[in-house]
Amino acid sequence: MYTAVGSDWRQFGNPRKPRPLSSVVLDNGVSDRIVKDVQEFMDNPEWYSSRGIPYRRGYLLHGPPGCGKSSFITALAGELQLGICVLNLSERGLTDDRLNHLLAMAAENTVILLEDIDSAFASREESAEIKAAYAGLNRLTFSGLLNCLDGVASTEGRILFMTTNYPERLDPALIRPGRIDVKEYIGYCTRYQLEKMFCNFYPDTPASLASTFSQASQNLSVPLSAAAVQGHFMIYKDDPVGAIHNVIQMATKNTIKREKDNIIPESREDNCLTDRKKNL
């Protein structure tokens, strides 16, 4: 894995053992479609050149957090023996020219990953704090990003992945064909995923237990992310029956998390009350 430091790519941390693609369980058929598309792209550069089509491929994975978008990209890169170049578009000091240089200088046989693409420009709203942080600096522009993705100077042979939890926030120009060619929804766990994940964690148990677990999980009537299910299995690493009997714990944890996310901070609530009093 590589990260951008200045105008160069540098290896981040120690080399990791590739994660098996089978360990990231997406809904039935989703993983196969993406892998097949990437493999076909890599195997057919002549097809693109003979038709005058830029030899680039863009993918958008969207869906709720914790459902496996980034994990799948990491496993996919390992499966195809590719490296990953991770870019943070909200980084202070990132300019149009620097982004263009980084994309052009990315090593061969790597995937470019732009995570949480929706926050790249939303995070730079013109508050006093943001203005101070970027004072005196050139900044990445939206038009600059578009030109880097498919402009005259954009590189050939590039595989680019974007992820987002909020696809509705993305400008249509960013995800039009030619910039993003494949869009896949990575959502909460389906019955297929629940059973497959159970079998992955407890390979020596009867298939009937996997079915029982998936049914019990769906009876909770609470959307479950892959991260939540995996965390539950980690508690009951050697106890598949315990994982089934205590499946209610996943619903409880998810409910608590959603309630915390919906709590208005006290200071903000006080400000709202003050504003209302002023308007009376």
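Let me start with Ser 225, which, once its neighbours within four places in sequence are set aside, is in contact with Pro 65, Gly 66, Cys 67, Tyr 188 and Cys 189, where contact means heavy atoms within 4.5 Å. Ser 225 sits in the loop between H9 and H10, and with a relative accessible area of 10% Ser 225 is buried; by buried I mean under 20% relative accessible area, by exposed over 50%, and by partly exposed anything in between, with a 1.4 Å probe and protein chains only. The helices (H or I, at least four residues) and strands (E, at least two) that I name are DSSP runs, numbered from the N terminus.

Before I go on, please keep in mind that this is a predicted model, in which local features need pLDDT of at least 70 and side-chain atom pairs count only at pLDDT 80 or more, while totals for chains, interfaces and linings use all residues. Residues are numbered from 1 along each chain as its sequence is written, and side-chain values use heavy atoms, with hydrogens and water left out.

The loop that holds Ser 225 also holds Ser 221, between helix H9 (207-218) and helix H10 (226-235). Ser 221 is exposed, with a relative accessible area of 66%, and Ser 221 has a positive phi of about 60 degrees although it is not a glycine. Asn 109, in the loop between H4 and E5, is another residue other than glycine with a positive phi, near 60 degrees, and at 55% relative accessibility Asn 109 counts as exposed. Gln 81, which follows H3, likewise has a positive phi near 60 degrees.

Turning to the chain as a whole, there are 13 helices and 7 strands, and of the 280 residues 40% count as buried. Among contacts between residues at least 6 apart in sequence, 75% join residues at least 24 apart.

In what order do the strands of the open sheet lie? The 7 strands follow the order E2-E1-E4-E5-E6-E3-E7, and the pairing is mixed, with two strands taken to pair if DSSP finds at least two bridges between them. E2 and E7 are the edge strands, each pairing on one side only. On average, neighbouring strands of this sheet are turned by 30 degrees against each other, direction ignored. Within the sheet, E4 and E5 run parallel and are joined by 5 bridges, and Leu 87 has Leu 114 in E5 as its bridge partner.

At one edge, E7 (residues 182-185) runs parallel to strand E3 (residues 56-62), the two being joined by 4 bridges, and His 62 has Tyr 185 in E7 as its bridge partner. Strand E7 has a covered face, made of Val 182 and Glu 184, and an uncovered one, made of Lys 183 and Tyr 185. At the other edge, strand E2 (residues 8-11) includes Gln 11, which is partly exposed with a relative accessible area of 46%. Apart from its neighbours within four places in sequence, Gln 11 is in contact with Met 1 and Tyr 2. Gln 11 and Gly 83 are 72 residues apart in sequence, yet 9.9 Å apart in space, C-alpha to C-alpha.

Now to the helices, and to H3 (residues 69-79) in particular, where Lys 69, Phe 72, Ile 73, Ala 75, Leu 76 and Ala 77 are buried. What covers these buried residues of H3? The cover includes helix H1 (30-43) together with E3, strand E4 (83-87), strand E5 (110-114) and strand E6 (158-164). As general background, an α-helix has 3.6 residues a turn, so residues three or four places apart point the same way.

Finally, helix H4 (residues 96-105) packs with helix H7 (residues 142-150) at an angle of about 20 degrees, with their axes 9 Å apart. That makes H4 roughly parallel to H7, a term kept for angles under 35 degrees, whereas over 145 is roughly antiparallel, 65 to 115 roughly perpendicular and the rest oblique. Here axes are lines fitted to C-alpha atoms, for helices over the stretch in contact, and angles run from 0 to 180 degrees between N-to-C directions. From H4, Asp 96, Leu 99, Asn 100 and Leu 103 meet Gly 144, Leu 145 and Cys 148 of H7. By class, this contact of H4 with H7 has 4 nonpolar, 2 polar and 1 charged residues, where Ala, Val, Leu, Ile, Met, Phe, Trp, Tyr, Cys and Pro count as nonpolar, Asp, Glu, Lys and Arg as charged, and the others, Gly among them, as polar.
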